[in-house]
Amino acid sequence: MNAVLKEANIYGELFDRQKIKSHELALTTAAQRADKIRALLKAIMDARPAILEAGYKELRLNPTDLDAQLLMVKGEAEFIARHLESWMADQPIQGTLMTLGKKSYVRYEPKGMVLHVSTWNAPIAEAFVLAFGAMAAGCTFVLKPSELAPHSAQVIADIVEKVLKDDEFVVLNGGAEVSAELLKLPFNHIFYVGGHGVGRIIMRAAAEHFATVTLEMGGKNPVIVDQTADIAEAGRKIAWGRVANAGQVCLAPDYALVHDSVVKEFISELGKSMTSMYNPDGKGYNKSADVPRIVNIRHFERIKALFDDAVAKGAKLEHGGEFDAADLFISPTILSGVTEDMRIMTEEIFGPIICIVPFSQREQAITTIRRRPKPLGSYIFAKDRAAIDFFLARTTSGSTVVNHNLVQSGTNAHFPFGGVNASGIGRIGGRYTFLECSNTRGVVEDQYPAGDPNIMFPPYSEKYKGMIAQMLGKEIKVPNGVINLINGIIKITAKLKGK
């Protein structure tokens, strides 16, 4: 089944088999789910040579960068397997005066059938981090990898096929036509990692079946460099954050808002850091094993068009600016003098180019950020606590890092990762992925009678009317300890009476 399926009825047959399997998976224990996650992780790690080869063919990635993806996957799987039993346990809910004699708790049950339409820039991590969460929740999983990373997609399919049957977890490779057929089916939850255009298609399709969605869509992520920042440190870290994966990272800093008192120093440090990291021997950025390539010619030409438009409208090339279409190569590049009428300031770059925008007052930086949709990530470089708090209080994003960048994803399984509005919906990572794939079901069990159990039924007595009126007329303020004590007395009394 891990092949291109062209007939819609075949997708329907697969869906029907997964639907049957979903009821069985819902009854599995934490230990059973954890065992499957560990088995899948082992198959992934065993496939490391094939993963490294695929990543090099697609983006000319350094093996260390791919190992970083594998480390994210490994950390996620081990974290979930270790904590899953506690996540699946019923969670008691504090009682109230109106639930005396009753037991309230939250039960986490699988939503059922999960579809993930994934993208190409980190295909291994994007596939398996979300898959582990769905498996932990007891869901079936259909993965549609990006056709722009075909080598990785096939490796992923081969890995999954060795461990799990397609009625539980299947990888369906192919182009947009495969996604279109899958989106016609009534999945219970849909994950999507990618751009806004497809994100809108996903939401429209989900609405047809009232499926819940988790979307991660990136955006123009700002980095603020305050005058109190350590400029050399900021230059080094931002150079790495912008050039990592050739800028093809949803969290990469897209443009830098720099206080005008340190603009020249920052540009100098940023350029020096790019050189020291990616061209230390002076042989050229294109000779570096640490500068990946753009995924395909269409994306190369899109980035080149943004650059050409900016330069034609007056942007100044401060560093880099080398393009080689035949090699899909773009050098680490710095542009200054950018203006709001340039496409590069309105569209996500998704390449190794960073734009410098000076500001003299902090409010100017805030205004610039607010002109754009809410970003997936934002970054603040400052040593002054008041400056950090100012920027945090007046901006919003899916996540923020202070005095670093790109370190919030895949490094801490306790951390909620995701966007806000245009940059995404929902949170993933560790327990958050488990929760995205779970129905948080509230349960109330009526256990022991508290007073007259029939008092709440019509015709209402004067006593009951008075009780309601009294509660409406004043603040209800009873400590939880008192409520728990009363519940304990009700329980003991009921047992003594044999009820």
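Helices (H or I, at least four residues) and strands (E, at least two) are DSSP runs, numbered from the N terminus. The model is predicted: local features need pLDDT of at least 70, side-chain atom pairs count only at pLDDT 80 or more, and totals for chains, interfaces and linings use all residues. Residues are numbered from 1 along each chain as its sequence is written, and side-chain values use heavy atoms, with hydrogens and water left out.

**View 1. Surroundings of Asp 309 in helix α11 (residues 297–312).** Asp 309 has a relative accessible area of 16% and is therefore buried (under 20% relative accessible area, with exposed over 50% and partly exposed in between; 1.4 Å probe, protein chains only). Its side chain forms a polar contact of 3.1 Å with the side chain of Lys 313 (a pair of N or O atoms within 3.5 Å; within protein, one must be able to donate a hydrogen and the other to accept it, and residues adjacent in sequence count only if both atoms are side-chain atoms). A polar atom of the Asp 309 side chain also lies 3.0 Å from the backbone nitrogen of Arg 343.

**View 2. Side chains of strand β8 (residues 222–225).** Pro 222 and Ile 224 point one way, Val 223 and Val 225 the other way, and all are buried. In a regular strand the side chains alternate between the two faces of the sheet.

**View 3. Strand partners of β8.** Strands pair if DSSP finds at least two bridges between them. β8 pairs in the parallel sense with β9 (residues 255–259) over four bridges, and Val 225 stands opposite Val 258 in β9. Three bridges join β8 to the parallel strand β15 (residues 377–381), where Phe 381 stands opposite Val 225.
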